[in-house]
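Thank you for making time this morning. I would like to walk you through one chain, starting with a helix and working outwards from there.

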Amino acid sequence: MRIPRPLRTAVAPALLTATALLALTACGSSAADSGSGAGDLVEIRIPDPGNSGVLALGKKDGSLDEALAKAGAKVRWTGSAGPFAPAAQAMNADQLDIATGSITSGITSLAQRPGFKFFTAVDPDTAGEGILVKNGSGIGSVADLVGRKVAVNQGGTGEYLLLKALAKAGIPAGKVKRVYLRPDQTAAVFNAGKVDAWAVWATYAVAEIGSGKAHFVADGAAIGSDNYSLNAVRTGFAEQHPGIVEALYRYLHDASAEEKRNPAAYLNVFTDVGPTAVTGKAKEVQIGFARKAGTVDPIGAEDIERFEDVAGFYAEQKVTTDKVDVAAHLLDIEKLK
């Protein structure tokens, strides 16, 4: 049984504390973190958020920079938000300081000498992710996927959702053909009928469901998904500027709670036309998903247990060669100052 967020216990000792961070570097209590002097603001590199979401609105109205300035920081938008794997590589190469991804893609990235740590968690999106099929496909259950082709992103959310759904249904993974595709390339393949289903999350599912031509044969709730969304920070940045990371968390937490209350305000932030706009039925779908979504919160002990379950599942399914020690790569955001 899941414990409501407000009652969750303190994070496990495995999480890196502020004391440990400050032992690594004296910069954590520097003037840069205290917010003294506008000319001394530390740049924090974050992928451009696009047209929707908390960061998009924070970029447009200046509220994110205002909040970070109090901790001695300002945002430098770099690149664009996308899959976590390349973002993890950018953090490892000291080209990016913050990125967002799922625990599933996070685990595969953690298996490769990571230079980042996770510092927040958003509960699994049980409404907005799942196994997508076309209306009239004849696929009425997970069991009907046997002998079919399903598009997934390798090592990430899609592959996890498919394997988890098959395992819950007692179907050997080898009975379904996994077609590895990048998420941004899959819609055309799916709509052309070259795959029978698509294991996917809200970012891409909204448009398909909003078209009225597709639906989830099993959503995250039916699958029993533990696919959290996480925010990651470059380890070196967290060591040098724990107060800035804590300030970013506070902003994301408060803004995500507001987004849940009023999701429409966080859609089409910069434009309501063109390919980045969400309109019509798709907008209704997105708003419905957002109202059911979680908020950005600290990582609790029970979250870590579920992370470890995903890591164990990935090792069992041979997605990773060994079980990844997720707890070794987490920060206790409530102790960062």
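Before I come to that helix, one term has to be fixed: when I call a residue buried, I mean that its relative accessible area is under 20%, with a 1.4 Å probe and protein chains only. Please also keep in mind that what you see is a predicted model.

With that cut-off, the buried residues of helix H9, which runs over residues 202-210, are Ala202, Ala205, Val206, Glu208, Ile209 and Gly210. The elements that cover these residues include E5, H8, E8, E9 and helix H13, residues 280-292. After H9 comes Gly212, and the phi angle of Gly212 is positive, near 80°.

Several of those covering elements belong to a sheet, so to speak of H9 is to be led there next. The sheet is open, has 5 strands in the order E7-E6-E8-E5-E9, and its pairing is mixed. Strand E7 (177-180) and strand E9 (214-219) are the edge strands, each of them pairing on one side only, and from one strand to the next the twist averages 30°. As a general reminder, strands of a sheet pair through backbone hydrogen bonds, either parallel or antiparallel. Here strand E5, residues 130-134, pairs with E9 in the antiparallel sense over 5 bridges, and Leu132 has Phe216 as its bridge partner in E9. Helix H8, residues 183-191, packs on this sheet, where it touches E5, strand E6 (149-152), strand E8 (197-200) and E9, and the direction of H8 makes about 155° with that of E8.

Let me turn to the interior. Buried residues make up 51% of the 337 residues in the chain, and the largest nonpolar core has 48 residues, with Phe118, Ile131, Leu145 and Phe307 having the most contacts inside it. Leaving aside residues up to four places away in sequence, Phe118 touches Phe84, Gly106, Leu110, Leu230, Asn231, Ala232, Ile299, His329, Leu330 and Leu331. Another core lies apart from the largest one and has 32 residues, among them Val42, Val75, Ile244 and Leu331.

Which residues do the aromatic ring pairs bring together? The count comes to 9 aromatic pairs. In one of them, the rings of Tyr160 and Phe313 have their centres 5.9 Å apart and their planes at 85°, so this pair is edge-to-face. Because Tyr160 lies in helix H7 (residues 157-168) and Phe313 in helix H14 (residues 301-316), the pair ties together parts that are 153 residues apart in sequence. Both Tyr160 and Phe313 are buried.

The rings of Tyr228 and Phe307 have their centres 4.9 Å apart and their planes at 90°, so they too form an edge-to-face pair. Tyr228 lies in the loop between helix H10 (220-223) and strand E10 (229-234), while Phe307 lies in helix H14, so this pair ties together parts that are 79 residues apart in sequence. Tyr228 is buried, with a relative accessible area of 0%, and for Phe307, also buried, the value is 0%.

Ring pairs also link Phe190, Trp198, Trp201 and Tyr204 into a cluster. Over the face of Phe190 lies Lys134, at 5.7 Å from the ring centre, and over the face of Phe313 lies Lys164, at 5.3 Å from the ring centre.

To finish with the whole chain, its secondary structure comes to 14 helices and 10 strands. Of the contacts with a separation of 6 or more, 80% are between residues 24 or more positions apart.

Conventions: Residues numbered from 1 in each chain as written. Predicted model: local features only at pLDDT ≥ 70, side-chain atom pairs only at ≥ 80, totals over all residues. Heavy atoms only, no water. Pairing = 2+ DSSP bridges. Helix = DSSP H or I, 4+ residues; strand = E, 2+ residues; numbered from the N terminus. Axes fitted to C-alpha atoms, helices over the stretch in contact; angles between N-to-C directions. Contact = heavy atoms within 4.5 Å. Core = buried A, V, L, I, M, F, W, Y, C linked by side-chain atoms within 4.5 Å. Buried < 20%, exposed > 50% of the residue type's maximum accessible area, 1.4 Å probe, protein only. Phe/Tyr/Trp six-rings, centres within 6.5 Å; stacked < 30°, edge-to-face > 60°. Lys NZ or Arg CZ within 6 Å of the ring centre and 35° of its normal.
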